[in-house]
Amino acid sequence: HGLCPYEEDSFVICYNGEIYNYIELRSELQKRDWVFRTNSDTEVLLKAWREWGENMFDKLNGMFSFAIYNSKNKQLVLARDIAGEKPLYYYQKEGTFAFSSEAKALVDVLPVTENKDTNFFEAFQHCHITTLWNEIKEIPPANYLIYDINKNNYSIKPFCEFKPRHINLKTCEEELEYLLGKDGMRELADYRTEYFANQKEG
């Protein structure tokens, strides 16, 4: 769906995933005078961040992990989708900060120590912030991290908080049917279009 990394002005984005409603977001951004160079959801994601900042997360429908760096203010943003489908790890020690979609990639190039308190199986569930190494953490699902290079510090904030509510089975079924009809069928339609296009080219 796009270019990786993708650069424009002082921003660069590295992104893994898929934004299911990127066509609608693209149209909304065009109405706000944004001009697009590609048909990629990567470009849509970057422009959405530039336009709405953290409020962008309320508009996104998809699975993703991404990094956006702004060379003007020397800030790096790392974010992970609500379900945590796409893993994202980070490392900070003294003056070094690094990130990767795989923890082992950080282990191979940075000094780390074994975390003996972490459950081995939990470390690979992608929903626990701890890992097998003390210096490497995983960004929790539905959270984003902002790292300030000048100050060498970071903060992690949730962009979605789940609140339990009591509903009956019928309401649950209706809401699930609505969600599948609205977004699930859109995803399926995109997949079919992609599939038939590839078959035709083949």
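**Exercise 1.** At 30% relative accessibility, does Tyr 154 count as buried, partly exposed or exposed, and which of these words fits?

*Solution.* The structure is a predicted model, and every value used in these exercises is computed from it. Buried means under 20% relative accessible area and exposed means over 50%, with partly exposed in between. Because Tyr 154 has 30% relative accessibility, Tyr 154 counts as partly exposed.

**Exercise 2.** Classify the ring pair formed by Phe 57 and Phe 66, and state whether these two residues are buried or exposed.

*Solution.* A pair of aromatic rings is described by the distance of the centres and the angle of the planes. A search of the whole structure finds 10 aromatic pairs. For Phe 57 and Phe 66, the centres of the rings are 6.3 Å apart and the planes stand at 15 degrees, so the pair is stacked. The cut-off needed for this step is that planes under 30 degrees apart count as stacked. As for their surroundings, both Phe 57 and Phe 66 are buried.

**Exercise 3.** Classify the aromatic pair of Tyr 90 and Tyr 154, and find which strands hold the two residues.

*Solution.* The rings of Tyr 90 and Tyr 154 lie 5.2 Å centre to centre with 70 degrees between the planes, and the pair is edge-to-face. Tyr 90 belongs to strand β5 (residues 89-93) and Tyr 154 to strand β9 (residues 153-158), so the pair ties together parts that are 64 residues apart in sequence. Tyr 90, at 6% relative accessibility, counts as buried, whereas Tyr 154, at 30%, counts as partly exposed.

**Exercise 4.** Name the residues that ring pairs link into a cluster, and find which lysines lie over the faces of Phe 36 and Trp 52.

*Solution.* The cluster linked by ring pairs consists of Trp 49, Phe 57, Phe 64, Phe 66, Tyr 144 and Phe 159. Over the face of Phe 36 lies Lys 47, at 5.1 Å from the ring centre. Over the face of Trp 52 lies Lys 59, at 4.6 Å from the ring centre.

**Exercise 5.** Describe the setting of Ser 65, and then examine Cys 14, one of the residues that Ser 65 touches.

*Solution.* Ser 65 is placed in strand β3 (residues 62-70), and with a relative accessible area of 5% Ser 65 is buried. When residues up to four places away in sequence are not counted, Ser 65 touches several residues, including Cys 14, Tyr 15, Asn 16 and Pro 87. Cys 14 is partly exposed, with a relative accessible area of 39%, and Cys 160, at 27% relative accessibility, also counts as partly exposed. The count of disulfides comes to 0, where a disulfide requires a pair of cysteine sulfur atoms within 2.5 Å.

Note on methods:
Residues are numbered from 1 along each chain as its sequence is written. This is a predicted model: local features need pLDDT of at least 70, side-chain atom pairs count only at pLDDT 80 or more; totals for chains, interfaces and linings use all residues. Side-chain values use heavy atoms; hydrogens and water are left out. Rings of Phe, Tyr and Trp (its six-membered ring) pair if their centres lie within 6.5 Å; planes under 30 degrees apart count as stacked, over 60 as edge-to-face and the rest as tilted. Buried means under 20% relative accessible area, exposed over 50%, partly exposed in between (1.4 Å probe, protein chains only). Helices (H or I, at least four residues) and strands (E, at least two) are DSSP runs, numbered from the N terminus. A charge sits over a ring if NZ of Lys or CZ of Arg is within 6 Å of the ring centre and within 35 degrees of the ring normal. Contact means heavy atoms within 4.5 Å.
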